[in-house]
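Reader: I would like to go through this model by question and answer, beginning with single residues and then turning to helices and their packing. Please keep the answers short.

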Amino acid sequence: MKKNITGYLYFYIHFIVEVVCFFYLTRVNSESLIVWLIPFIYDGVAFVPQSIIGYISDKYPKINMGIIGTILLLITYLLYGLTNVSVFITLILLCLGNAFLHVAGAETTLKTSGGRLAPSAIFVAGGSFGVITGRVLATTSISPLIFLLPLLTLIPMVLLADSYKTSKDNCKNFNYVNKKRNPYIVVLIAFIVVIVRGYLGYGIPTSWNKTVVENIIFFCTMGLGKALGGILSDKIGIRKVAILSTLLAIPFLCAGDNIMIVSIIGVMFFSMTMSITLGIVVSSLKQTPGLAFGITTIGLFLGTVPIFFIKLSQDINIILIIVISIMCSIALGWVLKEDKK
Amino acid sequence: MRNVFSPVFIVGNELLFYIFLFSMALIILLTFIFVIKEIKKK
């Protein structure tokens, strides 16, 4: 039996997807009169429909969402690079391409993982590295058409990842949730945890983060944390990782405002929860992993909505980090079943 | 500069923005209907 490398394949695919998305967003937004509108529409159209696309993918697994997503991104870049078509057309196409590829990544890594979290966590981690790479490249003078080449490489990568799928693939081995808990409450708690963590992610005090290099370090640490969350959960148990990472993040995040090394340790712990909440939702919706993934992306969108309209003071952010982290830790401990190891 | 946001969009087509918000709300509602349906199935 060949070793499952779908997580690494989708790490690359996710990386390229975020590079092209954030290259486009940074370039277009720098020309926009309303700073918040394009990122807001992007968050909405890229994140929210993933639940419906995922549900369609669950019901009709023969539809190749990865290839559809790649084609949409190729069309976006051809239109953006060669024509002067309205930004809203290319923005919607870009968002949908992003959404289709995310669903493909989630479905493939979850279904072929045999109940392990690491593949999907590695897939998710690729995005953080892509976001910062796209932003940095957007500040250079390179042509958007250059990105057609990495986009074309996604086609063989998606097909290669698909070769790991079998008709027997499923998510039956995702059994992270305490069976005594009501599944509706479980999904609701995971959803709320994603929302509040999504919001807190933007409130982390990082006065140290001023230069491009520091920003790169910040995003890379975030990516590393997301991947480690899944890898450690498989090694030492998801419940331990969920409770410890949520609580350990608090002192580092609160004390790291001006000290980079302290702050990034906190960011790493903070980011570990991402794959854990995904594992919880998939455990409750084993037949529909695409829909389960979509729940978490809707949560992320709802978590980011307030940042477009509300700005809280640093002190309130720190209080929120402490209170919400403790509450999340208790909630995750209640939802997750005891680790075997 | 590209014509990213013509005043027409900002002033005249606010309706489009509300349609966008309504669509997002509708998809979220649909998602929860599907989730309830799938959990019931188990």
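Reader: Leaving aside neighbours within four places in sequence, which residues is A:Asp162 in contact with?
Author: In this predicted model, A:Asp162 is found in helix α7 (residues 148–162) of chain A. A:Asp162 has a relative accessibility of 18% and counts as buried, because the cut-off for buried is under 20%. Without the neighbours within four places in sequence, the residues in contact with A:Asp162 are A:Asn64 and A:Thr108.

Reader: Is A:Leu149 buried or exposed?
Author: A:Leu149 also has its place in helix α7 of chain A. The cut-off for exposed is over 50%. The relative accessibility of A:Leu149 is 62%, so A:Leu149 counts as exposed.

Reader: How many Å separate the C-alpha atoms of A:Leu149 and A:Ser325?
Author: Along the chain, A:Leu149 and A:Ser325 are 176 residues apart. In space, the separation of their C-alpha atoms is 42 Å.

Reader: Which residues does A:Lys165 contact, leaving aside its neighbours within four places in sequence?
Author: A:Lys165 sits in the loop between α7 and α8 of chain A. With 36% relative accessibility, A:Lys165 counts as partly exposed. From A:Phe293, 128 residues away in sequence, A:Lys165 is 18 Å apart in space, C-alpha to C-alpha. Beyond its neighbours within four places in sequence, A:Lys165 has contacts with A:Thr108 and A:Thr112.

Reader: How many Å apart in space are A:Gly115 and A:Asn175, C-alpha to C-alpha?
Author: A:Gly115 belongs to the loop between α5 and α6 (118–138) of chain A, and at 9% relative accessibility it counts as buried. Neighbours within four places aside, A:Gly115 is in contact with A:Asn173, A:Phe174 and A:Tyr176. A:Gly115 and A:Asn175 are 60 residues apart in sequence, and their C-alpha to C-alpha distance is 7.6 Å.

Reader: What is the relative accessible area of A:Ile5?
Author: A:Ile5 is placed in the segment before α1 (6–29) of chain A. In space, A:Ile5 and A:Ser113 are 9.5 Å apart, C-alpha to C-alpha, with their places 108 residues apart in sequence. A:Ile5 is partly exposed, and its relative accessible area is 28%.

Reader: Which helices do the buried residues of α4(A) pack against?
Author: Helix α4 (residues 65–82) of chain A has 18 residues, and its reach of 26 Å from first C-alpha to last is close to the 26 Å expected at 1.5 Å a residue. Its buried residues include A:Met65, A:Gly69, A:Leu72, A:Leu73, A:Thr76 and A:Tyr80. The buried residues of α4(A) pack against α1, α3 (50–59), α5 (87–111) and α7 of chain A.

Reader: Where in α10(A) does a kink of about 25 degrees lie?
Author: Helix α10 (residues 238–255) of chain A reaches 26 Å between its first and last C-alpha, close to the 26 Å expected for its 18 residues at 1.5 Å a residue. The buried residues of α10(A), among them A:Val241, A:Ser245, A:Ala249 and A:Leu253, pack against α8 (183–203), α9 (212–236), α11 (260–271), α12 (273–284) and α14 (314–335) of chain A. The kink comes shortly before the proline A:Pro251, at A:Ala249.

Reader: How many of the residues of α13(A) are buried?
Author: The 21 residues of α13(A) should span 30 Å at 1.5 Å a residue, and the end C-alpha atoms are 32 Å apart, which agrees. α13(A) is mostly covered, and the number of its 21 residues that are buried is 15.

Reader: Which residues of α2(B) make the contact with α13(A)?
Author: Helix α13 (residues 289–309) of chain A packs with helix α2 (residues 14–41) of chain B at an angle of about 145 degrees, the axes being 11 Å apart. The crossing is left-handed. From α13(A), the contact is made by A:Leu291, A:Ile295, A:Ile298 and A:Leu302; from α2(B), by B:Ile28, B:Thr31, B:Phe34, B:Val35 and B:Glu38.

Reader: How many nonpolar residues does the contact of α8(A) with α2(B) have?
Author: α8(A) and α2(B) pack at about 145 degrees with axes 10 Å apart, in a right-handed crossing. α8(A) gives A:Pro183, A:Tyr184, A:Val187 and A:Phe191 to the contact, and α2(B) gives B:Phe32, B:Val35, B:Ile36, B:Ile39 and B:Lys40. By class, there are 1 charged and no polar residues, and the number of nonpolar residues is 8.

Note on methods
Residues numbered from 1 in each chain as written. Chains lettered and ligands numbered in written order. Predicted model: local features only at pLDDT ≥ 70, side-chain atom pairs only at ≥ 80, totals over all residues. Heavy atoms only, no water. Axes fitted to C-alpha atoms, helices over the stretch in contact; angles between N-to-C directions. Helix = DSSP H or I, 4+ residues; strand = E, 2+ residues; numbered from the N terminus. Left-handed = near helix turned anticlockwise from the far one by under 90°. Contact = heavy atoms within 4.5 Å. Expected span 1.5 Å × (residues − 1). Bend = angle between axes of the 7 residues up to and from the residue. Buried < 20%, exposed > 50% of the residue type's maximum accessible area, 1.4 Å probe, protein only. Nonpolar A, V, L, I, M, F, W, Y, C, P; charged D, E, K, R; others polar.
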